[in-house]
Amino acid sequence: MPKTILITGAGTGIGRDTAFALAARGHHVIATTLDETQAEALRAECAARQCVLEVFKLDITSPADREKVLPLTLDVLINNAAIGDSGSLAEVDINRVRHTFEINVFATLELTQLALRGMIARQKGTVLFISSIAGRVPMPFLMPYAMTKFALSAAGAALRAEMDQLGKNVQVALIEPGAIHTGFNQVMTGKKYAWMETRSYFSAQVARMKAKDAQMFGVVEAKDTGSIVAQIVKAAEARRPKLRYVAPWAQGAVVRLARIFGV
């Protein structure tokens, strides 16, 4: 049965590809973007692909934008909007970490609370949090971002238990992508070099770190978003989604093994 599904951060990457995949399956997809520039680009792509999406700006940090969900009858909310940041926790500007938490955790939770009002009243709905494999295993120099995903994964699991106890048929699940080539990882890991090259404890190691980043992503990153989009679609369409959906499968298996061995 077709569902009304709202996706945040649908202007690029996983969010955009998920919007088109869900629309192709007959769902009414509300694809929201950070700004009007992204919205216009997405509308143009819809026209070129002859695909129907409802597109508008929804900056999740804006209280006025968040309230746009209140009059909507949503079956599914996909919390995809996020930013990345990186650097050593020994010296990173805490305001950078605070800003990342503001978007990835606090604004996401505020939007979810608004969407839940309607879902609980109608006794029907699903909330999906796009977390990350990085939110399950500590990764040096990636923690300004990964800490937010640790928090989001914990919040999603707890909210699922709370909704189960409430008994209003509201489902909550976590989507945990691995490294996928959308450009997001390169932008995120590159941010640390804007300041670490000149005033970091690790400035003498920057060249080696850059080479290691490039090598790692060249080997690890999945070449397209297909595997994770399939998992998001599965979770969005499920009557009772499972707690976690991870893709690519091999990266998820490595994370599970790391946890078993105490990493």
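The questions and answers below go through local features of a predicted model.

Residues are numbered from 1 along each chain as its sequence is written. Local features need pLDDT of at least 70, side-chain atom pairs count only at pLDDT 80 or more, totals for chains, interfaces and linings use all residues, and side-chain values use heavy atoms, with hydrogens and water left out.

Me: In which helix does Asp 65 lie?
Reply: Helices (H or I, at least four residues) and strands (E, at least two) are DSSP runs, numbered from the N terminus. Asp 65 falls in the run of residues 63-66, and that run is helix H3.

Me: Is Asp 65 buried or exposed?
Reply: Buried means under 20% relative accessible area, exposed over 50%, and partly exposed in between (1.4 Å probe, protein chains only). Asp 65 has a relative accessible area of 7%, so Asp 65 is buried.

Me: Which backbone nitrogen lies 2.9 Å from a polar atom of the side chain of Asp 65?
Reply: Contact means heavy atoms within 4.5 Å. Leaving aside neighbours within four places in sequence, Asp 65 is in contact with Lys 57, Leu 58 and Asp 59. A polar contact is a pair of N or O atoms within 3.5 Å; within protein, one must be able to donate a hydrogen and the other to accept it, and residues adjacent in sequence count only if both atoms are side-chain atoms. The backbone nitrogen at 2.9 Å from the side chain of Asp 65 belongs to Asp 59.

Me: How many salt bridges does the count come to?
Reply: Side chains of opposite charge can pair when their charged atoms come close. A salt bridge is a side-chain nitrogen of Lys or Arg within 4 Å of a carboxyl oxygen of Asp or Glu. By this rule the count comes to 15.

Me: What is the N to O distance in the salt bridge of Lys 124 and Asp 75?
Reply: The side chains of Lys 124 and Asp 75 meet in a salt bridge. The pair links distant parts of the chain, 49 residues apart: Lys 124 is in the loop between helix H4 (94-122) and strand S5 (125-130), and Asp 75 is in the loop between H3 and strand S4 (76-79). Lys 124 is partly exposed at 44%, while Asp 75 counts as buried at 16%. The N to O distance is 3.8 Å.

Me: With which residue does Arg 244 meet in a salt bridge of 2.6 Å?
Reply: The salt bridge of Arg 244 and Glu 176 is 2.6 Å, N to O. Arg 244 lies in strand S7 (residues 244-247) and Glu 176 in strand S6 (residues 170-177), so the pair ties together parts 68 residues apart in sequence. Arg 244 is partly exposed at 29% relative accessible area. The partner, buried at 0%, is Glu 176.

Me: How many residues apart in sequence are the parts tied together by Lys 192 and Asp 213?
Reply: The side chains of Lys 192 and Asp 213 meet in a salt bridge of 3.2 Å, N to O. Lys 192 lies in the loop between helix H6 (184-191) and helix H7 (193-199), and Asp 213 in helix H8 (residues 206-220), so the parts tied together are apart in sequence by 21 residues.

Me: How far apart are the end C-alpha atoms of helix H1?
Reply: The expected span of a helix is 1.5 Å times one less than its number of residues. Helix H1 (residues 13-24) has twelve residues, so the span should be 16 Å. This agrees with the distance between the end C-alpha atoms, which is 17 Å.

Me: Which residue just after H1 takes a positive phi?
Reply: The buried residues of H1, among them Ile 14 and Phe 20, pack against elements including strand S1 (4-7) and helix H2 (36-49). Just after H1, a positive phi of about 95 degrees is taken by Gly 26.

Me: Which residue is joined to Ala 247 by a cis peptide bond?
Reply: Most residues other than glycine have a negative phi, and most peptide bonds are trans. The bond after Ala 247 is cis, with omega about -5 degrees. The residue joined to Ala 247, found in the loop between S7 and helix H10 (249-260), is Pro 248.

Me: What value is phi of Phe 141 near?
Reply: Phe 141 lies in the loop between S5 and helix H5 (143-166) and counts as partly exposed at 25% relative accessibility. Phi of Phe 141 is positive, in a residue other than glycine, and is near 70 degrees.
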